[in-house]
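Subject: Structure handover

Hello,

Please find the structure below. My notes on it follow.

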Amino acid sequence: MKVLVTGGAGYIGSHAVVVLLEAGHQVVVLDNLANGSAEAVARAAELGGGAVPLIEGDIRDRPLLDRVFSEHTCDAVMHFAGLKAVGESVEQPLRYFENNVAGTLTLCQAMAQTGVTRLVFSSSATVYGDEHPLPWHEGLPTGTPSNPYGRSKLMVEQVLADLAAADERWQIGILRYFNPVGAHESGRLGESPRGIPNNLVPYIAQVATGRRESLAVYGNDYPTPDGTGVRDYLHVMDLVEGHLAALQALGRRQGVNVWNLGTGRGYSVLEMVRAFEQACGSKVAYHFAPRREGDVASCWADPSKAREELGWQTRRHLAAMMADTWRWQQANPEGYT
Ligand code: NAD
Ligand code: UD1
C-alpha cells in the first residue's frame with residue numbers, strides 16, 4: 001500500500017514511518033514542521049530502509065492536499081498531524097480547533113474527492129472523560145474531556161462517525177492512545193519536545209541528563225497506592241505496530257472502528273521515577289507539588305478489543321520503555337536540533 005502519513009515528522013508519526021516501511025508499504029509524509037523535524041523523517045527512512053518524500057505543508061491547505069493526492073496514488077492515510085499541548089490549548093482554543101478539527105475536515109474532504117477513504121486517526125483516552133470506572137473500554141460512552149485539546153479529539157471522532165454513516169466507502173480506525181512513551185530501540189528516533197516538556201517521561205529524562213533540576217510530582221494525595229497519579233504507559237513501537245494492525249484490519253471492515261491502544265495496567269509517577277533510575281543508573285531528583293488542573297487520579301485501558309479484532313497487544317515492558325528513552329536522550333540531548 002501507499003500511505004500518506006500526516007504529522008510523520010513528529011514523535012509518533014516518525015516511528016510509524018519505520019514500521020510501515022518495514023512492512024513493505026510506501027510512505028509519503030505531509031508535515032508543516034510546526035512541531036516536527038525533517039531529520040526525524042530522514043532517520044525513519046534510513047531505519048525503515050526506504051525513500052520517504054517529505055512534503056512540507058499544512059493539512060488545512062486544500063489545494064496542496066489535492067496536489068498531493070493527484071501526484072501520489074495513496075491507498076490510505078495515517079493522520080497524526082495535530083497540536084497536542086494541553087495547557088496551550090486552554091490559552092489558544094481557536095488555534096487548536098482550527099488546526100485539529102478544521103484541519104481534519106479539510107483532509108477528509110480532499111480524501112473523499114479522490115476516493116482515498118481508508119483512514120487511521122490518532123485519538124486519545126482523554127475522550128472518555130473521568131466519570132467511568134476503570135478500566136476504560138470502547139463500549140463506554142464518551143465523556144467530557146477537561147480541556148480544548150481533548151475536546152478537539154472528541155469532535156473529530158464525532159465528525160468521522162457522521163462521515164462514515166453518510167458514505168459507506170469510508171473505512172476508519174479511531175485509535176485511542178493511553179500514554180505513549182519510549183523511543184525506537186536504535187536511539188535514533190524519539191520524542192523531542194520544544195521548550196519545557198509537559199509530559200512525565202520526557203521531563204524525567206531531562207532531569208536525568210542534568211538539563212532540568214528536579215521533577216515536580218503533581219499531587220501525592222490521590223486515591224492510589226502511593227498517592228501519585230497512575231497511567232497506562234505503552235511503548236511507542238507497540239503503539240505504531242497497533243496502527244499497522246489497524247490499517248490491515250480496515251481492509252476487511254467498513255465504517256468507524258474504535259480501538260484502545262494501551263497495556264491494560266497502570267504505573268504511578270513514583271514507580272516511573274524508580275524505573276527510570278534503574279535504566280539510567282542514577283537518582284532522579286523530584287519534589288511534590290500541587291495537583292495539576294484537569295488531571296485524573298488513575299487511568300488504564302481495557303485493551304481486549306484490539307487484541308481480539310486486530311491480533312495486537314503490547315510486547316514491550318516498562319524496563320524497555322525506560323531503557324529506550326534513556327538511549328535516545330543520551331545520544332540526542334538536544335533532540336534533533
Ligand atoms: P507531535 O507534535 O510530535 O507530532 C505531530 C506532528 O504534526 C508534528 O510533526 C507537527 O509539525 C505536525 N502538524 C501539526 N499540525 C499540522 C498541520 N496543520 N499540518 C501539517 N502538519 C501538522 O505529536 P505526537 O506525540 O507524535 O502525536 C501525534 C498525534 O497523536 C497527535 O494528533 C496527538 O494529538 C495524538 N496523540 C498523542 C499522544 C501523546 O501522548 N503523544 C496521546 C494521544 C494522542
Ligand atoms: C496528558 C494529557 C492528555 C494527552 C497526553 C499526551 C492532561 C490532563 N492530559 O496526559 O490529554 O493526550 O498528555 O500529550 O494534560 N506528571 C508529573 N509531573 C510532570 C508531568 C506529569 O507528576 O512534570 C504526572 C501527571 O500528573 C500524571 C502523569 O505524570 O499523573 C502523566 O502525565 P502526562 O505525561 O502529562 O500525561 P497525561 O496527563 O496522562
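Helices and strands here are DSSP runs, numbered from the N terminus, with H or I for helices of at least four residues and E for strands of at least two. The model is a predicted one.

With that numbering, the loop between strand E2 (26–31) and helix H2 (38–48) holds leucine 33. Leucine 33 is not a glycine, yet its phi is positive, at about 60°. Most residues other than glycine have a negative phi, and most peptide bonds are trans. The second part of that applies to another loop, the one between strand E5 (118–124) and helix H6 (148–166), where proline 135 lies. The peptide bond that joins leucine 134 to proline 135 is cis, with omega about -5°.

Ligands

There are 27 residues around ligand 1, and those that come nearest are Tyr11, Ile12, Asp31, Asn35 and Tyr149. Aspartate 31 has a side-chain N or O atom 2.6 Å from an oxygen atom of ligand 1. Lysine 153 also uses its side chain, with a polar atom 2.9 Å from an oxygen atom of ligand 1. For isoleucine 59 the atom is a backbone N or O, and it lies 3.1 Å from a nitrogen atom of ligand 1.

Ligand 2 is surrounded by 19 residues, of which Leu200, Ala216, Arg231, Arg292 and Asp295 are the closest. In the side chain of asparagine 199, an N or O atom is 3.0 Å from an oxygen atom of ligand 2. Serine 124 places a polar side-chain atom 3.4 Å from an oxygen atom of ligand 2. Tyrosine 218 contributes a backbone N or O atom, 2.9 Å from an oxygen atom of ligand 2.

Helix pairs

Three pairs of helices are described here.

Helix H1 (residues 11–22) packs against helix H8 (residues 236–250) at an angle of about 60°, and the axes are 9 Å apart. Angles that are neither under 35 degrees, nor over 145, nor from 65 to 115 count as oblique, so H1 and H8 are oblique to each other. The crossing in which H1 passes H8 is right-handed. On the H1 side the contact involves Tyr11, Ile12, His15, Ala16, Val19 and Leu20, which meet Val236, Met237, Leu239, Val240, Glu241, Leu244 and Leu247 of H8. Sorted by class, the residues in the contact of H1 with H8 are eleven nonpolar, one polar and one charged. Tyr11 and Ile12 thus appear in two places: in the contact with H8 and among the residues nearest to ligand 1.

Helix H3 (residues 62–71) and helix H5 (residues 93–114) have axes that come within 10 Å and cross at roughly 40°. H3 passes H5 in a crossing that is right-handed. Arg62, Leu65, Asp66 and Phe69 of H3 meet Thr106, Leu107, Gln109, Ala110, Met111, Gln113 and Thr114 of H5. The contact of H3 with H5 has five nonpolar, four polar and two charged residues.

Helix H7 (residues 200–208) and helix H11 (residues 318–331) have axes 10 Å apart and pack at about 55°. H7 and H11 are therefore oblique to each other, and their crossing is right-handed. H7 brings Val201, Ala205, Gln206 and Ala208 to the contact, and H11 brings Met322, Thr325, Trp326 and Gln329. By class, the contact of H7 with H11 has five nonpolar and three polar residues, and no charged ones.

Regards

How values were computed. Residues numbered from 1 in each chain as written. Chains lettered and ligands numbered in written order. Predicted model: local features only at pLDDT ≥ 70, side-chain atom pairs only at ≥ 80, totals over all residues. Heavy atoms only, no water. Axes fitted to C-alpha atoms, helices over the stretch in contact; angles between N-to-C directions. Left-handed = near helix turned anticlockwise from the far one by under 90°. Contact = heavy atoms within 4.5 Å. Nonpolar A, V, L, I, M, F, W, Y, C, P; charged D, E, K, R; others polar. Near = heavy atom within 4 Å. Polar contact = N/O pair within 3.5 Å; in protein donor to acceptor, adjacent residues only side chain to side chain.
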